[in-house]
Amino acid sequence: MFRPTFAGLVLITLFTHHLYAQHRDSPTNMQTLPTLSQEEEPSGFHFEAVLDFYTCDIWNGMVGYDHPIFQPTFATFYDSVEYGEFLLGVAPLYQIGTPRDKRNGGLSELDVLAAWNCDVGPFNCELGYTYYWYPSAQDDAMHEGYVTVKYDNPIIVPSLTTFYDFNQTESTYFQGALCRDFKITEALTFTTELFVGAGTSPFNRTYFDVEREFLMTEATAKFSAQYDITESIFIGAAIAYTTFIDRSIHDSAFANEEYATLNTVWGSVSTGVRF
């Protein structure tokens with residue numbers, strides 16, 4: 001059985017922060033680096049593309065690939081103004097192989113997302129669906145839906161995202177986040193984020209070999225920066241620390257696996273264009 005990497009999360013957070021790539025550990029709605037505000041954006045279509053390099057592939061605290069990866073993301077937005085904004089995007093994920101591990105390298109995953117985003121009173125809501133396709137296991141594609149609710153305010157922005165895996169584990173995963181932007185200059189913005197994940201019984205049993213109905217899984221603290229070179233082009237960088245929370249994960253069979261990493265420092269650099 002395969003699991004999605006954070007490529008899907010990159011797309012999931014496009015609406016809230018328009019294309020600053022992220023993964024579920026730096027999550028969700030997700031991802032906090034500013035572009036034009038909804039009030040400033042014209043109605044109709046616009047397009048965004050981002051190129052991201054990450055130090056590793058990490059998903060819900062689990063390191064799926066401990067070498068750098070490259071992830072371009074392309075998305076088309078349609079702002080209907082009255083009925084919210086619609087998104088269609090794609091994010092291929094490429095592993096950067098090493099001479100010592102010739103089995104890795106090349107396209108490992110392709111994620112396709114459709115989503116709808118709108119404001120409901122003081123809340124921003126998003127409903128989306130992600131299709132995860134794996135070239136090495138084409139019959140093992142994953143279908144996942146999600147709902148995000150975010151409360152915008154000038155102090156700190158809380159959000160909660162619920163993910164549901166329809167066909168592989170039929171499990172639910174939750175991710176809460178707190179985000180705060182610090183605008184240093186007109187072009188430079190620093191962002192701090194804290195993410196906490198939790199899974200239901202099928203999720204915990206499948207990924208961690210832990211029999212718990214509800215389990216607080218991992219936490220991530222992330223610091224990032226974005227610099228707008230022009231109104232259309234930006235660059236960014238981030239560093240984060242991810243760790244598993246519950247002691248039962250540390251004591252599980254998962255923790256004894258060769259690939260298991262219970263504490264991870266990871267980072268990324270990005271550049272993007274919007275038009």
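**View 1. Cys 179 and the cysteines of this predicted model.** Let us start with Cys 179, which counts as buried at 11% relative accessibility. Cys 125, by contrast, is partly exposed, because its relative accessibility of 21% falls between the limits of 20% and 50%. How many disulfides does a search of the whole structure find? The search returns zero. Cys 125 is in no disulfide, and the nearest cysteine sulfur, that of Cys 118, is 5.5 Å away. A disulfide needs two cysteine sulfur atoms within 2.5 Å, so the 5.5 Å to Cys 118 does not qualify.

**View 2. The barrel and its strand order.** Here you can follow 12 strands that close into a barrel. Going round, the order is S1-S4-S5-S6-S7-S8-S9-S10-S11-S12-S13-S14, with antiparallel pairing. From one strand to the next, the twist averages 20 degrees.

**View 3. Where strand S1 meets strand S14.** Now for a closer look at one pairing within the barrel. Strand S1 covers residues 44–54, and strand S14 covers residues 263–274. Seven bridges join S1 and S14 in the antiparallel sense. Which residue of S14 is the bridge partner of Ala 49? That partner is Val 273.

**View 4. Helix H3 across four strands.** Helix H3, made of residues 201–208, lies across strands S10 (172–183), S11 (188–200), S12 (214–228) and S13 (233–244). If you trace H3 against S11, you will find the helix running at about 100 degrees to that strand.

**View 5. Ala 198 and its surroundings.** Ala 198 lies in strand S11. Is Ala 198 buried or exposed? Ala 198 is buried, because its relative accessible area of 4% is under the 20% limit. Leu 215 is 17 residues away in sequence, yet the C-alpha atoms of Ala 198 and Leu 215 are 5.4 Å apart in space. Setting aside neighbours within four places in sequence, Ala 198 is in contact with Thr 172, Tyr 173 and Phe 174, and also with Phe 214, Leu 215, Met 216 and Thr 217.

**View 6. Glu 218 and the polar contacts of its side chain.** Glu 218 has its place in strand S12. With 1% relative accessibility, Glu 218 counts as buried, since the value is under 20%. Which side chains does the Glu 218 side chain meet in polar contacts? One is the side chain of Tyr 173, at 2.5 Å. Another is the side chain of Thr 217, also at 2.5 Å. Both Tyr 173 and Thr 217 appear among the contacts of Ala 198 as well, which links this view to the previous one.

How values were computed:
Residues numbered from 1 in each chain as written. Predicted model: local features only at pLDDT ≥ 70, side-chain atom pairs only at ≥ 80, totals over all residues. Heavy atoms only, no water. Pairing = 2+ DSSP bridges. Helix = DSSP H or I, 4+ residues; strand = E, 2+ residues; numbered from the N terminus. Axes fitted to C-alpha atoms, helices over the stretch in contact; angles between N-to-C directions. Contact = heavy atoms within 4.5 Å. Buried < 20%, exposed > 50% of the residue type's maximum accessible area, 1.4 Å probe, protein only. Polar contact = N/O pair within 3.5 Å; in protein donor to acceptor, adjacent residues only side chain to side chain.
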